[in-house]
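Please find below a colleague's note on the structure, set out as numbered points. The note deals with charged side-chain pairs and with one threonine.

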Amino acid sequence: MSSHQQLLALCAQYHAVLLEEESHRLRIAVAPNPPIQLFESLRFICDKNIDVEYWSAERLEKVKHLSFSPRSEEDQENGHSVVTLLSETLQKAIQLRASDIHFEPAEEHYKVRLRIDGVLQLQPLLSASLAAPLTARLKVLGNLDIAERRLPQDGQMDVDTANGKVSFRISTLPVRYGEKVVLRLLQQSEQPLELAALGMSCENHRFFEAALAHPQGMILVTGPTGSGKTLTLYSALNTLNQPGTNVCSVEDPIEIPLPGLNQTQVNIKAGLSFQGVLRALLRQDPDVIMVGEIRDSETAEIAIKAAQTGHLVLSTLHTNSTIETVIRLEQMGVARWMLASALKMVVAQRLVRKLCPHCKKQKHEKLSLPAQICPEPLPDWQPVGCERCYGGYYGRAALFEILPIENTVRAAIASGTHTAEMERLAREQGMVTLFESGCRAVSKGLTTLKEIYRVLGVPHG
């Protein structure tokens, strides 16, 4: 290897740029505070004067990768760059209403997938050589460590697009052929933060409004990641956001900035945890407290006690149903009597893809399910697909299972009643299960039974 090749390899190793090489002088650009090993290695390779310029990490990355050409020879002729490619990908994701963007390196290609209406959709394959420059570009935008490839990293970035500034949460993970990067869109198209826009039935809407009218207690919204919990929670906060009410939140991250709310973001690296912020909020004279997520027993205990001492507390939990939420909190170490006294309502929800109104078709035959699951036959809707939709579906609708904690259910929680018995009591009070809510959506032509099965699974008859 020639000395020039050694110089280039060394610069690549330490993320420096060789600007100029003369017979007695080198000129390089590096990020601030470069490692001393870089200069020691340079002196070892060549006996020349070294002029150093200190550049920002983003400027370095642009110089190294701006002119790097993407996908194919045809693209090279069109003058595409990594920056252009990334910009096009982000713009396409926004136009297609994607919630997440997956950048996945493989041995022979680089794969991009967009999660549209809850399902990953593969985009045209790219060259495997794009993995390193695209990952570097994303790390720079997210203020991550470009040199760190062995450990996962998380961050947040704001990108200017044709639709204005869009925020993304960025996560990297070392995989077999490099690093996988996933972007989560934090601010998508403007959605009304109103309870009436959530898609609840009239009865459920009335239950929810009644729970929000309580001066104290706990309201929990449950479901897996990507089930619409955030929108429901912020719609509730927007309803409570009045000049005479002190509404505080602790979040990780702040997903929807709301004027009038006192929103605090968790910062684990700085020692600012959910528990730490929650304890501080209790000294801030709050009326309403929103906890982004109950993740551990300590957070659960503080939130429950806050709900018992004159505050209305809203939070989320990852459980499959309303009844399972009681069991999960009990497993976290919260006593049943505390749950019974604090809980006002549990909302379980899921998102299902809506049929495209322009191309959906209905078969003549009806679908029959066991009578205890769905007494009436359901229409057999088919997603056809057209130029207006994505595979026969366009957008998503929410399914809700709402459990108001009334006297009968409260007594059952306090006495340690079995899950099945609690569900029977709740249904006697009018609770509609998630699957029943899904069957109603199918009967209205909103979605298909196959989509209900995909999201909720097949019920046990």
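The points below take the salt bridges in turn and then the surroundings of a single residue.

1. The model under discussion is predicted, and it should be read as such throughout. A search of the whole structure finds 24 salt bridges. As general background, side chains of opposite charge can pair when their charged atoms come close. Selected cases follow.

2. Lys48 and Glu21 form a salt bridge in which the closest N and O atoms are 3.2 Å apart. This pair links distant parts of the chain, the two residues being 27 residues apart. Lys48 lies in the loop between helix H2 (36-45) and strand S3 (49-54), whereas Glu21 belongs to strand S1 (residues 17-21). Lys48 has 22% relative accessibility and therefore counts as partly exposed. Glu21 has a relative accessible area of 30%, so Glu21 is partly exposed.

3. A second salt bridge joins the side chains of Arg424 and Glu421, at 2.5 Å from N to O. Both residues are in helix H14 (residues 419-428); because they are 3 residues apart there, about one helical turn separates them. Arg424 is partly exposed, with a relative accessible area of 38%. Glu421 is likewise classed as partly exposed, at 30% relative accessibility.

4. The side chains of Arg427 and Glu436 also meet in a salt bridge, with an N to O distance of 2.1 Å. The relative accessibility of Arg427 is 35%, so this residue counts as partly exposed.

5. Salt bridges also occur as a network in this model. The residues linked in this way are Glu20, Glu22, Arg25, Arg27, Asp51 and Glu53.

6. Turning to the threonine, is Thr325 buried or exposed? Its relative accessible area is 0%, and the cut-off for a buried residue is under 20%, so Thr325 is buried. Thr325 is found in helix H11, which spans residues 322-331.

7. Which residues does Thr325 touch, not counting those up to four places away in sequence? They are Leu220, Thr222, Leu317, Thr319 and Val346. In addition, a polar atom of the Thr325 side chain lies 3.1 Å from the backbone oxygen of Ser321. A polar contact requires N or O atoms within 3.5 Å, and the 3.1 Å distance between Thr325 and Ser321 is therefore within that cut-off.

Notes: Residues numbered from 1 in each chain as written. Predicted model: local features only at pLDDT ≥ 70, side-chain atom pairs only at ≥ 80, totals over all residues. Heavy atoms only, no water. Helix = DSSP H or I, 4+ residues; strand = E, 2+ residues; numbered from the N terminus. Buried < 20%, exposed > 50% of the residue type's maximum accessible area, 1.4 Å probe, protein only. Polar contact = N/O pair within 3.5 Å; in protein donor to acceptor, adjacent residues only side chain to side chain. Contact = heavy atoms within 4.5 Å. Salt bridge = Lys/Arg side-chain N within 4 Å of Asp/Glu carboxyl O.
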